[in-house]
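Here are a few exercises to help you find your way around a new structure. Have a go at each task yourself, then read the worked solution below it.

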Amino acid sequence: MNPSENELLGIKFTTEFICNEVQKIGFSCKGCADCCRDNGNIEETIFVGPEEIRDIASFTKLEWDEIVTPFPEIIKIPEGGSVTFGWSLKRKDGACLFLVENRCSIYEVRPRICATYPFMIDEDHLVIFPCNGLTYPIERNDALEISERLMDRFYKENKEDKKMQEYYLLKPVYSEKLCVIDSEGIKERELWLN
Ligand code: SF4
């Protein structure tokens, strides 16, 4: 990401700064896969955008609705119908659908949230989620890789959010079906998919 993009997004820090923070905190993935299971401690909904869904679809040969479900925060529209923003990875038996024998079966195309866990950039600060791998020493190069992924995620999520807002402001006629607004537009789904 170049400096002008940083300024545009109002990011108050650089990749270098995040890298230093990650190194100070320390992190080494222990492969416990707790972040892929329902454990009541973490945000268990893995939000994914259209680009990520298509990557997973081409990797797994699964259809869109076999991979994701409408994001579970559904807003009822007073004029009728309901709407939600984006998609979340499907879950099964208390874990992500793609957790197989305690490993990620889509590791090469895992969502940005997974590739940056347990960290997240929230406007002007670094959020840290519970994780068994925190506080372990981390090499500079690995911290740098995480911070680059975090910046990339922040940038892409920001762009997707803006697109979703634009589509929402178009004030579409909401149907009896659930309307899912993502960065590509407004998509209808049967309510039972939730
Ligand atoms: S996509 Fe992979 S890393 Fe992400 S929650 Fe599912 S199994 Fe875990």
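## Getting your bearings

The protein chain has six helices and 13 strands. Keep in mind that this is a predicted model.

**Exercise 1.** Work out what percentage of the residues of the protein chain count as buried, and what percentage of its contacts with a separation of 6 or more join residues 24 or more positions apart.

*Solution.* Start with burial: the chain has 194 residues, and 25% of them count as buried. Next, take the contacts with a separation of 6 or more: residues 24 or more positions apart make up 63% of them.

## A long look at α6

**Exercise 2.** Compare the reach of helix α6 with the expected value, then find its buried residues and what they pack against.

*Solution.* Step one is the reach. Helix α6 covers residues 140–169, which is 30 residues, and spans 43 Å from its first C-alpha to its last. At 1.5 Å a residue you'd expect 44 Å, so the two values are close.

Step two is burial. The buried residues of α6 are A143, I146, S147, L150, M151, F154, E160 and M164.

Step three is the partners. Those buried residues pack against two helices, α2 (15–25) and α5 (112–116), and also against the strands β4 (82–85), β10 (119–122) and β12 (178–182).

One last thing to spot: K171, just after α6, has a positive phi of about 50°.

## Two open sheets

**Exercise 3.** Trace the four-strand sheet: which strands stand at its edges, and how does α6 sit on it?

*Solution.* First, the order: β3-β4-β12-β13, an open sheet with mixed pairing. Now the edges: β3 (75–76) and β13 (185–189) each have a single partner strand, so one side of each has no neighbour in the sheet.

Moving inwards, β4 and β12 pair in the parallel sense over four bridges. F85 stands opposite I181 in β12. Finally, α6 packs on this sheet, where it touches β4, β12 and β13, and its direction makes about 135° with that of β12.

**Exercise 4.** Do the same for the three-strand sheet: what is its order, and which residue stands opposite V68?

*Solution.* The order is β1-β5-β2, in an open sheet with antiparallel pairing. At the edges are β1 (47–48) and β2 (68–70), each pairing on one side only. Between β2 and β5 there are three bridges, in the antiparallel sense. Across from V68 you'll find L89 in β5.

## Into the cores

**Exercise 5.** Find the largest nonpolar core: how many residues does it have, and which element gives the largest share?

*Solution.* Count first: this core has 22 residues, and V48, I53, V68, L89 and C96 have the most contacts inside it. Then look at the contributors: α3 (50–60), β5 (87–89) and β12 each give two or more residues. The largest share is from β12, with four residues.

Now zoom in on L89. Leaving out residues up to four places away in sequence, L89 touches I46, V48, I67, V68, C96, L97, F98 and P111.

There's also a second, separate core of twelve residues, with V22, I138, A143 and L150 among them.

## A loop residue

**Exercise 6.** Decide where N102 lies, and whether N102 is buried or exposed.

*Solution.* N102 lies in the loop between β8 (99–100) and β9 (103–104). N102 has 11 C-beta neighbours inside 10 Å, and the cut-off for exposed is 12 or fewer, so N102 counts as exposed. As a final check, look at A33: A33 and N102 are 69 residues apart along the chain, yet their C-alpha atoms are separated by 6.1 Å.

How values were computed. Residues numbered from 1 in each chain as written. Predicted model: local features only at pLDDT ≥ 70, side-chain atom pairs only at ≥ 80, totals over all residues. Buried ≥ 20, exposed ≤ 12 C-beta atoms within 10 Å, placed from the backbone. Contact = placed C-beta atoms within 7 Å. Pairing = 2+ DSSP bridges. Axes fitted to C-alpha atoms, helices over the stretch in contact; angles between N-to-C directions. Core = buried A, V, L, I, M, F, W, Y, C linked by C-beta atoms within 7 Å.
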